[in-house]
Amino acid sequence: MNDKSLLVLNHSSSVQSSAQQSAASPTAVRVRGLKKRYKDGTAANRGIDFDVKTGEVVSILGPNGAGKTTFLRQLTTELRPTSGSIEIFGVNAIAEPERVKQMMGITPQEAGLFQTLTVREHLELFARFKGLSKQQARLAAFDTRDELGLSAESGKRVGLLSGGQRRRILIGLALLGCPRLLVLDEPTTGLDPASRHSVWQVIRRVVADGATVVFSTHYIEEAEQLSDRIGIISEGRLVACDSLDRLFTRLEQSYRLEYSDPFDPFGEMCVRYFATFAEAQDEIAREQLSEYSIARASLEDIYFTLTGERPPSRNTEGSE
Amino acid sequence: MKRVIDMLCVFRIHLARLRAEAGPFVLAALVFPTAMYLFAIAVSGSDQVSDERRIRFLAGSIVFSLSMTSISWLGYLLLENRFTGRLKLFATLPLAPSSYVFGIVIFALAQAAIGTATLLISGYVMGVHVHVNFAALAVVVLLTMLCLCGISVIVAARSRSFSEGSLLTDSLGAGLVFLAPVYYSPQATPGGLRQLSAWLPTTFAARAIQASLAGRSQVATDLLVLSLMAAVTLMLGFRAMAWRED
């Protein structure tokens, strides 16, 4: 069994367990008709309906400027929607932002830390903001810094830390107080692979503890690894939000043929999609291709198909 | 109780800043005002400066210190929080904007207490004979700081950029002192300016502090006006300081 199959198996079991769990549990996030038009007239969200069940992990993918961050900022009450409704565990997030924030842990895409505070001071003080007692705050700070691999930096001022370490502190601040809902805007951007994996482990742990997670990412692998469902936002609309298996069914042409052009063997690889394996084989025979590979479509293919973007450095087309 | 803890946490976060970077605070709250006191004595034009004048100059320097602490230095911190994304971090928390503002105000009050006490000691060392009414002085300093902090919050919340805000806080911090009859008597103020300066918070603060340093307790009118000004500026500050963007 190769890594990919293992990955798919893991993913399916995760979807299954989550589905079982959510069947009996209430809705964590319920968004209806969410629209956001900025003062300059830019329509960043154009009517989004979105539901997340308790215990689910939902990732949001989309090109730059598609409206992911605007969407998450409205979810976290940071940005007032132009119209529509948002409920977090049944509480109206637009009318009662403070109450909603008591249930949430939030990592914004860009936020500054206090250069003159140490890692420990950050974690302890922000735990106090979340209603923990002094003793609980100290314990929570201790656990969080350990979990995120920041023990060695505990006494260091944040001004002396690397960008990746600061990013991990921001994630740590969101985890404090065991929030029921985590909203993370590109949590692993700028992290090295090892740190990214440690953040994935943390997300898996909080989900196992019963939390619900909504996060945006540019890493398709991250969405595949962590999510029960994947939402794709394009031009301010949620064009899809489903499990990976169900997203595949959206592709009419789910076989991907990647080949080098016989007339330009040193050029870019070409990609074409086919509805069946046999069609792809026919194409190989017809074009007398010698260098090629056929694979099932990936999430990346779904992403490019649904967003209408083109993958970089490849000639992409569907079969005729 | 949660509100009090929140305010104290905001205070502690900024106290760490003061601990690490005391230089700008010492300059704003002590060095410049003390230098201004000596400058005012030097240019007052007579060899024997009367006690009343010395008290006015000391009161002026205390107002200068309060203005620099609350508007220039605190305004800078508020702008920095806003334009470096720290405010965004506070906004992710179950924290009321008023708790954030009051946490900052407590920080400013602590600095004002240090600055005022140090200037009083410096004044004593430099031979100013004062009969301080401490209760009145404490109330005047408190109300002056609330009023000036409110202005600072409004500027920091409304500025379109860090540089615009920083220019405004620096200008206001010094301008509110030099446009008001703080180092000179109201009669010495040019006619046109007199109408404006009569309504500046620093005018009321300087008059009340001068009275407190002279041991007089007739500061009720000035305190009343300062209270109203503090209520208005803080209210406007809270309204400007919304977590949620439109």
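Two strands are taken to pair if DSSP finds at least two bridges between them. In the predicted model described here, strand β3 of chain A, residues 57–61, and strand β9 of chain A, residues 229–234, fulfil this condition with four bridges and run in the parallel sense. Within this pairing, A:Leu61 has A:Ile232 of β9(A) as its bridge partner. Helix α6 of chain A, which covers residues 163–175, packs on the sheet and touches both β6 and β7 (181–185) of chain A; the direction of α6(A) makes about 170 degrees with that of β6(A).

The sheet itself is open and consists of six strands of chain A, arranged in the order β6-β7-β8-β3-β9-β10 with mixed pairing. Its edges are formed by β6 (104–107) and β10 (237–242) of chain A, each of which pairs on one side only. On average, and with direction ignored, neighbouring strands of this sheet are turned by 15 degrees against each other.

Chain A is divided into domain 1, comprising residues 3–247, and domain 2, comprising residues 255–318. To the contact between these domains, domain 1 of chain A contributes 13 residues and domain 2 of chain A contributes eight residues. On the side of domain 1 that touches domain 2, the elements giving two or more residues are α8 (220–226), β9, β10 and α9 (244–248) of chain A. The residues on this side of domain 1 are divided by class into 10 nonpolar, two polar and one charged.

The contact between chain A and chain B takes 24 residues from chain A and 24 residues from chain B. On the side of chain A that touches chain B, two or more residues are given by α3 (97–101) and by α4 (119–129) of chain A, and α4(A) gives the most, with five residues. By class, this side of chain A has 10 nonpolar, six polar and eight charged residues.

Chain B contains 10 helices and zero strands, so that its pattern, when read along the sequence, is α-α-α-α-α-α-α-α-α-α. The C-alpha trace of chain B spans about 60 × 40 × 30 Å along its principal axes. For a compact globule of 246 residues a radius of gyration near 18 Å would be expected, and the 18 Å of chain B therefore agrees with that of such a globule. Of the 246 residues of chain B, 48% count as buried. Among the contacts in chain B between residues at least 6 apart in sequence, 82% join residues at least 24 apart.

Note on methods
Residues are numbered from 1 along each chain as its sequence is written. Chains are lettered from A and ligands numbered from 1 in the order in which they are written. This is a predicted model: local features need pLDDT of at least 70, side-chain atom pairs count only at pLDDT 80 or more; totals for chains, interfaces and linings use all residues. Axes are lines fitted to C-alpha atoms, for helices over the stretch in contact, and angles run from 0 to 180 degrees between N-to-C directions. Two residues are in contact if their C-beta atoms, placed from the backbone, lie within 7 Å. Ala, Val, Leu, Ile, Met, Phe, Trp, Tyr, Cys and Pro count as nonpolar, Asp, Glu, Lys and Arg as charged, and the others, Gly among them, as polar. Domain bounds come from an automatic or database domain assignment. The radius of gyration is taken over C-alpha atoms; the globule rule is 2.2 Å times the number of residues to the power 0.38. A residue is buried if 20 or more other C-beta atoms lie within 10 Å of its own, exposed if 12 or fewer, and partly exposed in between; C-beta atoms are placed from the backbone.
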